[in-house]
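Biologist: I've got a fold on my screen and a few things I'd like to ask about it. Could you walk me through it?

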Amino acid sequence: GVTGATITFTLPTTPGTYNLRFFQNNTYTKLATSATVTVAVGSTPTLGVSTTTATPGQTIQVTVANGPGNPKDWVGMHTTAATDVQLLDWKYLNGTRAAPVTGVTGATISFTMPATPGTYNFRFFQNNGYTRLATSATVTVP
C-alpha cells in the first residue's frame with residue numbers, strides 16, 4: 001500500500017455539486033471527503049422570441065441558445081399562468097415532435113400563436129422531462 005497518491009477523475013457532464021470520498025482498505029469506512037466540486041453549465045440556457053406582441057395565428061420564432069445538447073431537449077408554449085405540465089404546444093429543438101438522433105445546443109423553432117387573446121411564454125425543458133432551463137419573455141396576443 002501507499003500513504004499518498006494523486007488520482008485523476010473525469011467529472012460528470014451533468015451540472016451539480018459533487019465531492020470525492022476516500023475509503024479505508026476496500027471498505028465503506030470513510031477516512032476523508034474532498035471540498036465540494038461544482039460542475040457548471042458552460043453558459044446559461046436562454047430563450048428568445050422574435051416578437052413580444054403577435055396577432056392571433058401568427059407564426060413566431062423562438063430561439064434557444066446554450067442548451068445542454070440532449071436529443072430530447074424541448075420547448076413548450078404555455079399561457080403565463082399555466083404550470084409546466086399545462087402546455088398548448090411543444091417541439092424538440094429540430095422543430096418537430098419526433099426526437100432527433102443527435103442533440104443540439106441551439107436552434108430556432110417556429111410556433112403558431114393561439115387564436116385566443118392572452119399572454120403566453122415559451123419554456124425550455126431538459127431531456128423529455130420537466131426540468132426547466134429557461135423561460136422566454138411574455139408574448140401578448142391582443
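Modeller: Sure, we'll go from the overall fold down to a few residues, and keep in mind that this is a predicted model.

Biologist: How many helices and how many strands does the protein have?

Modeller: Reading along the sequence, you meet β after β, with nothing else in the pattern. The count of secondary structure elements comes to 0 helices and 12 strands.

Biologist: Is the protein a compact globule or more spread out?

Modeller: The C-alpha trace spans about 70 × 30 × 20 Å along its principal axes. For 142 residues the globule rule gives 14 Å, and the radius of gyration is 21 Å, well over that, so the protein is more spread out than a compact globule.

Biologist: What share of the residues count as buried?

Modeller: The accessible surface comes to about 8700 Å², and carbon and sulfur atoms hold 53% of it. To count as buried, a residue needs under 20% relative accessible area. Of the 142 residues, the buried share is 27%.

Biologist: Is strand 7 largely enclosed or not?

Modeller: Strand 7 covers residues 74-79. Of its 6 residues, 5 are buried, so the rest of the structure leaves strand 7 largely enclosed.

Biologist: Which strand is joined to strand 7 by 6 bridges?

Modeller: Strand 7 has 4 bridges to strand 8 (residues 89-92), and that pair runs antiparallel. One of the residues involved is G76, whose bridge partner in strand 8 is W90. On V75, the bridge partner is F124, which sits in strand 10. The antiparallel partner with 6 bridges, residues 118-126, is strand 10.

Biologist: What is the relative accessibility of F125, and is the residue buried or exposed?

Modeller: F125 is part of strand 10. Leaving out neighbours within four places in sequence, F125 is in contact with D73, W74, H78, D84, Y130, T131, R132 and L133. F125 counts as buried because its relative accessibility is 0%.

Biologist: Where is D84, and which side chain does it make a polar contact with?

Modeller: D84 sits in the loop between strand 7 and strand 8. Its relative accessible area is 18%, so D84 is buried even though the cut-off leaves little room. Beyond four places in sequence, D84 is in contact with H78, R123, F125, Y130 and R132. At 2.5 Å, the side chain that makes the polar contact with D84 is that of R132.

Biologist: And D89, which residue's side chain does it join in a polar contact?

Modeller: D89 lies in strand 8. With 17% relative accessibility, D89 counts as buried. Not counting residues up to four places away, D89 touches V75, G76, M77, R97 and F111. The polar contact between side chains is 2.8 Å, and the partner of D89 is R97.

Biologist: How far apart in space are F125 and L47?

Modeller: Contacts in this protein often link distant parts of the sequence: with a separation of 6 or more, 55% are between residues 24 or more positions apart. F125 and L47 are 78 residues apart in sequence. C-alpha to C-alpha, the distance between F125 and L47 is 11 Å.

Definitions and conventions. Residues are numbered from 1 along each chain as its sequence is written. This is a predicted model: local features need pLDDT of at least 70, side-chain atom pairs count only at pLDDT 80 or more; totals for chains, interfaces and linings use all residues. Side-chain values use heavy atoms; hydrogens and water are left out. Buried means under 20% relative accessible area, exposed over 50%, partly exposed in between (1.4 Å probe, protein chains only). Helices (H or I, at least four residues) and strands (E, at least two) are DSSP runs, numbered from the N terminus. Two strands pair if DSSP finds at least two bridges between them. The radius of gyration is taken over C-alpha atoms; the globule rule is 2.2 Å times the number of residues to the power 0.38. Contact means heavy atoms within 4.5 Å. Accessible areas come from the Shrake-Rupley method with a 1.4 Å probe; for residues, only the protein chains shown count as cover. A polar contact is a pair of N or O atoms within 3.5 Å; within protein, one must be able to donate a hydrogen and the other to accept it, and residues adjacent in sequence count only if both atoms are side-chain atoms.
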